[in-house]
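Reader: I am in my first year and still learning to read structures, and I would be grateful for a close look at a single part rather than a quick tour of everything. Could you choose one strand, take me through its surroundings with care, and then show me how it sits in the rest?

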Amino acid sequence: MHSRKAYVCVMQLHGDVSADELKAVASEFIGPIYQRPPVRSNVRRALRIRNVNSIEVLEVRDRLVLMKVESDPGTYMRKLCWDMGLVLGVGAHMRELRRVRSGPFTEEKGLVTLHQLSEAIYRLHEEGKDDLLREVILPGEVSACELPKLVLRDTAVESVVNGAYLAVPGVAMFSEDLKRGSTVAMFTLKGELVGLGEALMDAAEVEKSERGIVARPTRIVMPHGVYPRAWKGSAAEGPGSS
Amino acid sequence: MSSELTRRGLSFLNSVNEFCNNKVKLKEKYMEDTSDSYGTIPTERPLSKYIANGVINLDKPPGPTSHEVVAWVKRMLGVKKAGHGGTLEPGA
């Protein structure tokens with residue numbers, strides 16, 4: 001689900017190359033590239049296309065290259081280093097890898113260590129304070145940060161939780177990037193994540209419509225019974241209802 | 001109906017967007033207040049629910065597998081179910 005990954009890796013070149021050659025080859029790997037997953041991998045080894053958004057050479061020391069790469073999920077950095085080595089003519093392999101971004105999760109916000117988690121738990125058990133724990137653990141809703149969003153009126157929530165499609169009358173708010181066919185995150189007015197859906201209207205359509213189906217739920221996260229069932233025929237409509 | 005509660009709800013939604021610098025605006029359609037009779041603002045969930053619906057952006061140390069670390073976190077927090085956001089490629 002997370003749309004973008006970023007990695008910092010150390011590539012070991014097997015021969016000497018100039019800084020210019022390195023930069024030139026790096027830029028050749030930006031954009032869509034072919035990859036076949038390595039032998040030691042969990043996925044089917046079919047040839048596939050992945051997009052590399054950027055490659056930044058951070059530092060070069062002798063034959064070691066520190067690079068930051070932004071890409072689609074499922075892009076193998078090890079294969080990227082190997083293939084860059086082939087194109088450079090000297091060969092190369094990946095020595096170290098660190099993922100620095102997975103969708104909305106980066107090193108900049110909310111990154112914690114096991115040690116910090118342990119201290120937060122200690123504080124809870126020994127001092128009775130949950131403040132640190134509530135900093136270390138984030139509300140699950142943040143996972144949906146990057147997605148277009150729909151905010152549901154209270155009366156629409158339980159219907160959607162039960163699988164009903166969301167209709168225009170059930171929409172309290174919608175984000176401007178809502179796009180037909182793409183995944184949307186549905187929230188209550190209190191900010192609780194109801195679940196994910198497939199948008200069936202663009203933002204512009206929602207804006208000017210008074211009826212019609214806005215989204216169909218694909219993955220409900222909220223349990224049943226948190227919000228009360230509204231009368232049939234109000235806010236949300238199921239498929240085939242009037 | 002509580003407009004203060006609605007205000008806190010919208011404030012939370014904004015903080016969700018701020019988490020990843022998502023600047024896309026939310027536009028109103030049939031905006032209204034939310035009831036205080038059911039549902040909770042996520043940050044105000046009682047601790048066990050907060051944890052159960054929570055996520056940790058964990059800097060995993062090299063060495064143990066993601067699976068092992070998840071097992072440790074489950075034990076530390078006393079939860080039965082937890083997952084992780086994917087492993088790195090082998091040889092990382």
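Author: What follows starts from one strand and its partners, and then widens to the chain and to the contact with the other chain.

The model is a predicted one, and the part to look at is strand S4 of chain A, which takes in residues 64–71. This strand has two faces, and the covered one is made up of A:Val65, A:Met67, A:Val69 and A:Ser71, while A:Leu64, A:Leu66, A:Lys68 and A:Glu70 lie on the uncovered one.

Which strands pair with S4(A)? One partner is strand S1 of chain A, residues 5–13, which runs antiparallel to S4(A) and is joined to it by eight bridges. Within this pairing, A:Cys9 has A:Met67 as its bridge partner, and A:Met67 is one of the residues of the covered face. Another partner is strand S3 of chain A, residues 48–61, which also pairs with S4(A) in the antiparallel sense, over eight bridges. Here the bridge partner of A:Glu59 is A:Leu66, a residue that belongs to the uncovered face. S3(A) and S4(A) form a hairpin, with two residues between the strands, and in that turn A:Asp62 has a positive phi of about 50°.

A single residue of the neighbouring strand helps to make the picture concrete. A:Val10 is located in strand S1 of chain A, and if neighbours within four places in sequence are left aside, its contacts are A:Leu64, A:Leu66, A:Arg95 and A:Glu96. Of these, A:Leu64 and A:Leu66 are on the uncovered face of S4(A). A:Val10 and A:Val60 are separated by 50 residues in sequence, yet the distance from C-alpha to C-alpha is 9.5 Å. Is A:Val10 buried, exposed or partly exposed? It counts as partly exposed because it has 18 C-beta neighbours inside 10 Å, whereas a buried residue would need 20 or more.

Stepping back to the chain, chain A contains six helices and 14 strands. Its radius of gyration is 24 Å, well over the 18 Å that the globule rule gives for 242 residues, so chain A is more spread out than a compact globule. The C-alpha trace of chain A spans about 75 × 50 × 30 Å along its principal axes, and 37% of the 242 residues count as buried. If one takes the contacts in chain A between residues at least 6 apart in sequence, 63% of them join residues at least 24 apart. The domain assignment divides chain A into domain 1 (5–106), domain 2 (108–138) and domain 3 (146–220), and the centres of domain 2 and domain 3 of chain A, taken over C-alpha atoms, are separated by 34 Å.

Chain B is assigned two domains, domain 1 (1–44) and domain 2 (45–92), whose centres, again over C-alpha atoms, are separated by 27 Å. The contact between the chains takes 56 residues from chain A and 46 residues from chain B. On the side of chain A that touches chain B, the largest share, five residues, comes from strand S11 of chain A, residues 171–175, and by class this side has 30 nonpolar, ten polar and 16 charged residues. Strands also pair across the two chains: strand S7 of chain A, residues 111–112, and strand S3 of chain B, residues 57–58, do so in the parallel sense over two bridges, with A:Leu111 opposite B:Asn57.

Technical notes:
Residues numbered from 1 in each chain as written. Chains lettered and ligands numbered in written order. Predicted model: local features only at pLDDT ≥ 70, side-chain atom pairs only at ≥ 80, totals over all residues. Domains from an automatic or database assignment. Contact = placed C-beta atoms within 7 Å. Helix = DSSP H or I, 4+ residues; strand = E, 2+ residues; numbered from the N terminus. Nonpolar A, V, L, I, M, F, W, Y, C, P; charged D, E, K, R; others polar. Pairing = 2+ DSSP bridges. Buried ≥ 20, exposed ≤ 12 C-beta atoms within 10 Å, placed from the backbone. Rg over C-alpha atoms; globule rule 2.2 N^0.38 Å.
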